[in-house]
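Take a look at the protein below. The report that follows walks through its chains, their contact and a few single residues.

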Amino acid sequence: MGRSSSRRHAAGGRVRHRDARPVDLVLYISPHSRYTHAARRNCEALVARFPPRRLRLEICDVSQNPERAEEDAVYFTPMLVKRSPLPRTFVLGDLSDAAAVVELLESCGVSPRR
Amino acid sequence: MMMTNIRTGVPGFDVLSAGGLPVGRSTLVVGRSGTGKTIFGLQAASSMARNGVKSIVVGIEETADDLLATGDALGFNLSGLFADGRLHVAEMMRPLEEPTIVSGDYDLFGLIHRIEHLVEKTGAQALVLDSATALFSPRPPEHLLRTHFFQLIHCFRRLGLTAIILAETPADYSQLTTLGVEDYVCDMVVIMRLAVDGERRRRSIEIYKYRRSPHYKGEFPCTITTKGLAIFPLDAPDRPEAEHIERYSSGVSGLDAMTNGGFLRNSIMLVRGPTGSGKTMLAGVFARAGALRGERVVYYGFEEPRPTLIRNFDEVGLGIGDVVRAGNLKLVCRYPEATSLEDLLVDLRLGLEEFRPSLVVMDSISLIEHALSEKGFRQFMIGVASILRGHGRSALLTQTVLAGRAPDHTAPYLSTIADAILTLDYSPSAYELNRTMRVVKMRGSAHETHPYRLEIGAGGLTIERWSAEGHLASARAESRWTDVRS
């Protein structure tokens with residue numbers, strides 16, 4: 001789905017091909033962490049500010065899926081990982097500093113909806 | 001009874017800690033970079049794994065391959081244990097080349113869940129974390145750091161792990177760790193040091209804290225050899241053969257008489273005297289007599305090169321070259337300035353294990369004393385005594401002191417290390433050199449208290465009781481001689 005829509009954008013010439021691929025995000029959380037709730041809420045609010053097709057968010061509970069957490073060398077929770085586009089970037093914390101995350105996403109070529 | 005300690009297999013450490021690490025608790029090992037923390041961790045993990053305690057090494061700073069290679073190079077056989085499933089090496093490095101942004105507060109549950117998973121998967125009972133310092137990078141704010149570390153220790157405790165946590169310290173004698181929080185929550189804290197001592201480096205290890213357990217306090221010398229870390233504690237377990245008294249000849253009949261029938265086995269003799277009082281000669285006679293009896297003897301000569309030493313003994317008719325060639329006497333001549341303290345200790349220990357001598361001679365320990373700081377020398381002597389006692393060997397050590405001066409001001413602990421002390425001296429007579437000898441102390445034996453006369457001549461030494469008459473006669477001769485002169 002995502003792939004075909006990006007092709008359409010590219011064909012329309014309005015968006016460059018590179019930008020058309022969604023930004024891949026994974027939020028690692030733990031049920032034991034006192035910051036989990038805030039991180040989820042902040043993350044979802046943040047993602048809602050962007051066009052839905054441009055961001056892909058996955059939430060991973062490290063206690064349920066520790067092997068998945070290995071791929072991103074997770075120590076700290078909550079941690080948001082921007083897996084693509086490269087470079088992979090780690091955002092530690094409950095995302096209460098939204099500006100830093102918005103800036104990171106903007107650097108990937110996505111802008112908040114007006 | 002519940003087992004409370006687990007042996008690390010690091011030579012000397014289990015003596016210092018009165019049995020090893022606390023089972024199911026966390027031990028913090030701190031030290032600057034290069035002090036041997038990783039080696040300690042790998043050595044303990046491999047030893048525990050060999051003894052049936054499944055262990056995990058969590059590498060935060062180094063790759064699993066690097067850790068395995070380090071352990072294999074030191075003969076810990078990490079790869080073998082890894083292949084057998086007795087030891088697991090988990091690589092948990094953070095990709096530091098990729099950017100990290102901080103947005104709000106966080107904790108350590110990510111790592112905790114991964115460790116829980118690993119422990120569940122492997123059935124591990126012990127864990128080495130190398131290192132906490134690398135783990136907390138970027139360093140969280142102070143109030144979080146303590147919480148994070150506590151969470152980690154709590155997790156290890158909950159999993160019943162005997163944990164070794166390595167952490168970096170900014171300097172040898174400073175705040176305990178770079179992070180400054182780890183020691184509060186650990187049951188045991190070990191400090192490893194590589195201090196600059198004059199122009200050399202001196203390794204030491206200290207058990208700074210061991211909750212609810214007796215242990216030896218203070219710094220003990222240690223070294224890193226091709227076989228890993230080795231510590232030299234003062235106290236070695238008592239050897240059963242030390243219980244009954246066995247005497248052997250000192251090589252000089254007069255000296256045997258002075259000591260009520262000879263030296264005692266498993267004891268350390270300290271021979272003190274000024275330059276020229278006959279210490280080296282006595283050491284040579286002692287070594288040669290032992291070798292001729294069929295004992296194996298190692299002679300460490302620190303004062304002169306080997307050919308000079310052999311020639312000097314030959315000069316007085318003490319043919320030592322033949323004894324050396326026959327193989328029972330090993331002469332090791334080294335300049336203490338050119339070797340490190342640790343090397344000497346290792347040499348001594350390997351020498352004891354390989355050559356298996358029953359007698360050890362060191363002539364003289366003063367040369368080492370001058371090459372080291374006071375603290376370094378103390379550690380060295382403690383190390384020497386520990387090795388000798390651990391192997392149940394007898395030794396004769398010589399020490400140079402100033403004529404007519406009480407020797408104890410330099411190193412008072414030497415009197416404690418030595419089981420027997422002999423002093424040599426000479427009276428600065430204008431007529432002749434009167435060499436005298438006394439037994440100052442002899443643990444577990446009666447001994448003469450009056451001085452004996454010592455003469456160096458053909459065939460070595462003669463030691464005779466210096467009677468009051470003899471003393472008076474020589475005093476009269478003295479006065480006659482001075483009368484004639486004046």
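## Chain A in outline

Chain A exposes about 6300 Å², and carbon and sulfur atoms supply 48% of that area. This is a predicted model. Chain A has 114 residues, of which 46% count as buried.

Its secondary structure comes to 5 helices and 4 strands. Along the sequence of chain A, the pattern reads α-α-β-α-β-α-β-β-α. Many contacts in chain A link distant parts of the sequence: among those with a separation of 6 or more, 65% join residues 24 or more positions apart.

## Where the chains meet

Chain B and chain A bury about 2600 Å² between them. Carbon and sulfur atoms carry 60% of that buried area. Three residues of chain B stand out here: B:Ile101, B:Ser103 and B:Arg114. They supply 25% of the area that chain B buries against chain A, more than any other three residues.

The contact takes 28 residues from chain B and 32 residues from chain A. How many salt bridges does the rule find across the interface of chain B and chain A? It finds 1. A:Arg88 forms a salt bridge with B:Glu98, and the closest N and O atoms are 3.0 Å apart. Polar contacts are also found across the interface of chain B and chain A, in 19 residue pairs.

Which elements of chain B give two or more residues to the side that touches chain A? They are strand 6 (100–102), helix 5 (109–122) and helix 7 (142–158) of chain B. Helix 5 of chain B gives the most, with 7 residues.

## The nonpolar cores

The largest nonpolar core has 71 residues. Those with the most contacts inside this core include B:Phe13, B:Ile164, B:Ile205 and B:Phe380. Helix 14 (residues 374–390) of chain B supplies the largest share of this core, 8 residues.

Another core lies apart from it, with 46 residues. Among them are A:Ala69, B:Ile153, B:Leu161 and B:Val189.

Now back to B:Phe13, from the largest core. Leaving out residues up to four places away in sequence, B:Phe13 touches B:Thr8, B:Leu21, B:Phe40, B:Met188, B:Val190, B:Ile205, B:Ile207 and B:Ile231.

## Three residues of chain B

B:Arg378 is found in helix 14 of chain B. B:Arg378 has a relative accessible area of 37%, so it is partly exposed. B:Arg378 and B:Pro141 are 237 residues apart in sequence and 42 Å apart in space, C-alpha to C-alpha.

B:Arg393 sits in the loop between helix 14 and strand 19 (394–400) of chain B. Is B:Arg393 buried or exposed? B:Arg393 is buried, because its relative accessible area is 11% and the cut-off for buried is under 20%. A polar atom of the side chain of B:Arg393 lies 2.8 Å from the backbone oxygen of B:Pro357. Not counting residues up to four places away in sequence, B:Arg393 touches seven partners that include B:Asn266, B:Ser267, B:Leu352 and B:Leu388.

B:Phe313 has its place in helix 10 (residues 306–315) of chain B. B:Phe313 counts as buried because its relative accessibility is 1%. Leaving aside neighbours within four places in sequence, B:Phe313 is in contact with B:Thr280, B:Met281, B:Gly284, B:Tyr299, B:Leu318 and B:Ile320. B:Phe313 and B:Gln43 are 270 residues apart in sequence and 45 Å apart in space, C-alpha to C-alpha.

## Backbone exceptions

Most residues other than glycine have a negative phi, and most peptide bonds are trans. The table lists cases that depart from this.

| Residues | Feature | Value |
|---|---|---|
| A:Leu86 and A:Pro87 | cis peptide bond | omega about 0° |
| B:Asp130 and B:Ser131 | cis peptide bond | omega about 0° |
| A:Ala73 | positive phi | near 45° |
| B:Asn260 | positive phi | about 65° |

Where do these residues lie? A:Pro87 is in the loop between strand 3 (79–84) and strand 4 (89–92) of chain A. B:Ser131 is in the loop between strand 7 (126–130) and helix 6 (132–135) of chain B. A:Ala73 lies in the loop between helix 4 (66–71) and strand 3 of chain A. B:Asn260 is in the loop between helix 8 (253–258) and strand 14 (263–264) of chain B.

A:Ala73 is buried, with a relative accessible area of 7%. B:Asn260 is partly exposed, at 45%.

Key
Residues numbered from 1 in each chain as written. Chains lettered and ligands numbered in written order. Predicted model: local features only at pLDDT ≥ 70, side-chain atom pairs only at ≥ 80, totals over all residues. Heavy atoms only, no water. Core = buried A, V, L, I, M, F, W, Y, C linked by side-chain atoms within 4.5 Å. Buried < 20%, exposed > 50% of the residue type's maximum accessible area, 1.4 Å probe, protein only. Contact = heavy atoms within 4.5 Å. Areas by Shrake-Rupley, 256 points an atom, 1.4 Å probe, with all protein chains shown as cover. Buried area = accessible area lost by both parts, 1.4 Å probe. Salt bridge = Lys/Arg side-chain N within 4 Å of Asp/Glu carboxyl O. Polar contact = N/O pair within 3.5 Å; in protein donor to acceptor, adjacent residues only side chain to side chain.
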